[in-house]
Each structure stands twice: as structure tokens, then as C-alpha cells.
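Please look through the sequence and the model shown below. The report that follows describes selected contacts in plain terms.

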Amino acid sequence: MSGPARKDRATRQSEGPAIYTIAELADAFSITHRTLRFYEDKGMLRPRRVGNKRLYTNRDRVRLRIILDGKQVGLTLREIQEYLDTYDLRDGSYDHLRRALDKVHHQRHLLQQRRSAIEKSLAELARVEQIIEGMLAEPQDPDGRGDII
């Protein structure tokens with residue numbers, strides 16, 4: 001970004017929350033416009049509409065980061081939506097905050113379990129890799145008659 005575009009972004013940020021067009025937000029996260037519209041259709045993003053334009057705020061940008069990070073670690077859209085619901089702690093009531101904290105604890109526990117399973121799988125793959133590499137390092141029997149070269 002250079003020249004007028006950079007100045008325009010800086011001006012918008014200094015005047016309050018930054019506003020992003022669909023193209024700017026898609027480019028910032030290397031995703032398609034269709035992906036943003038999909039998350040909007042699911043109610044996960046709520047851009048403001050001005051005519052045919054979608055205008056995204058910093059809040060939408062943070063929510064998109066949460067969505068993409070959730071997808072990266074294998075969460076379902078439902079799980080991500082539940083997490084986003086905890087991110088929107090608007091009423092601040094004790095019961096609501098307690099439920100949000102319980103959801104965060106539960107999700108953290110699930111992710112730790114997944115990480116443990118992934119670490120076990122990686123260790124097993126490393127073991128199999130060593131076995132295969134060892135087999136490849138042994139002299140080969142080219143015609144299968146049992147006579148090693």
C-alpha cells in the first residue's frame with residue numbers, strides 16, 4: 001500500500017475504528033470475497049452496508065482472525081460460533097460471564113486433547129520413518145532371489 005491509499009488508511013485509523021472494504025479484508029487474510037460472504041451468511045461477521053458496499057470494522061477483523069484460527073486448528077463452524085459468542089460479552093452479567101468462561105475452559109481442554117493426539121501421531125510417524133529409512137539403507141536384493149548385492 002502506498003501513497004493515497006496508505007494516507008487514507010492512516011486517516012481512518014486516527015479518526016476511530018478502521019473501516020475495511022471486502023477487498024481490503026480479503027487481501028489482508030489471503031482469502032476470497034466469497035469466503036467473507038459465507039461467514040457473513042452464517043452470521044459470524046456483520047459488516048455494515050452502505051449501498052452495495054460491505055464495510056468491516058476492527059471488530060469484524062478480530063472475529064475473522066478468530067474464525068480462521070479456529071478453522072486452522074480443526075474446529076467446526078459451530079464450535080467457532082460458540083467461541084465467537086463468548087467473545088461478544090456484551091451484557092456482562094455474572095451468569096453470562098460464567099457460561100462464557102466454562103465454554104472457554106471446555107474448548108481449551110478439547111484443543112489440549114487434540115494437541116496430545118497430534119503429538120502421539122507425529123511420534124509414531126517419526127518411528128515409522130526411521131524404520132523405513134533403515135530398510136532403505138540396507139543392501140537391496142534386485143531380483144528377489146535372496147542374494148544380496
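## Salt bridges and other contacts

Arginine 54 and glutamate 40 form a salt bridge, with their closest N and O atoms 2.5 Å apart. A salt bridge is a side-chain nitrogen of Lys or Arg within 4 Å of a carboxyl oxygen of Asp or Glu. Arginine 54 lies in strand β3 (residues 53-56) and glutamate 40 in helix α3, so the pair ties together parts that are 14 residues apart in sequence. Helices (H or I, at least four residues) and strands (E, at least two) are DSSP runs, numbered from the N terminus.

This is a predicted model: local features need pLDDT of at least 70, side-chain atom pairs count only at pLDDT 80 or more, and totals for chains, interfaces and linings use all residues. Residues are numbered from 1 along each chain as its sequence is written, and side-chain values use heavy atoms, with hydrogens and water left out.

Both arginine 54 and glutamate 40 are buried. Buried means under 20% relative accessible area, exposed over 50%, and partly exposed in between (1.4 Å probe, protein chains only). For glutamate 40 the relative accessible area is 15%. Glutamate 40 also forms a salt bridge with arginine 49, which is partly exposed at 45% relative accessible area.

The whole structure holds 5 salt bridges. Three of them are listed here, with the distance between N and O atoms.

| Arginine | Acidic partner | N to O distance |
|---|---|---|
| Arginine 54 | Glutamate 40 | 2.5 Å |
| Arginine 49 | Glutamate 40 | 3.1 Å |
| Arginine 65 | Aspartate 69 | 2.8 Å |

Aspartate 69 and arginine 65 are both in helix α4, 4 residues apart, which is about one turn of the helix. Through shared partners, salt bridges join Glu40, Arg49 and Arg54 into one network. Aspartate 69 is partly exposed at 38% relative accessibility, and arginine 65 is partly exposed with a relative accessible area of 36%.

Another charged residue, glutamate 79, is found in helix α5. Is glutamate 79 buried or exposed? Glutamate 79 is buried, with a relative accessible area of 16%. Its side chain makes a polar contact of 3.5 Å with that of arginine 114. A polar contact is a pair of N or O atoms within 3.5 Å; within protein, one must be able to donate a hydrogen and the other to accept it, and residues adjacent in sequence count only if both atoms are side-chain atoms.

The next topic is the nonpolar core. The largest nonpolar core has 19 residues, of which Leu36 and Leu64 touch the most other members. Helices α2 (22-29), α3 (33-41), α4 (58-72) and α5 (77-87) each supply at least two residues of this core. A nonpolar core is a set of buried Ala, Val, Leu, Ile, Met, Phe, Trp, Tyr and Cys residues joined through side-chain atoms within 4.5 Å. Not counting residues up to four places away in sequence, leucine 64 touches Leu25, Phe29, Ile31, Leu36, Tyr39 and Leu45, where contact means heavy atoms within 4.5 Å.

Confidence varies along the protein chain. The chain averages a pLDDT (the predictor's confidence in each residue, from 0 to 100) of 81, and 77% of the residues score at least 70. Confidence is lowest in helix α1 (residues 3-14), at a mean of 43, and highest in α3, at 94. Over residues 1-16, pLDDT stays under 50. Where pLDDT is low, the predicted coordinates should not be read in detail.
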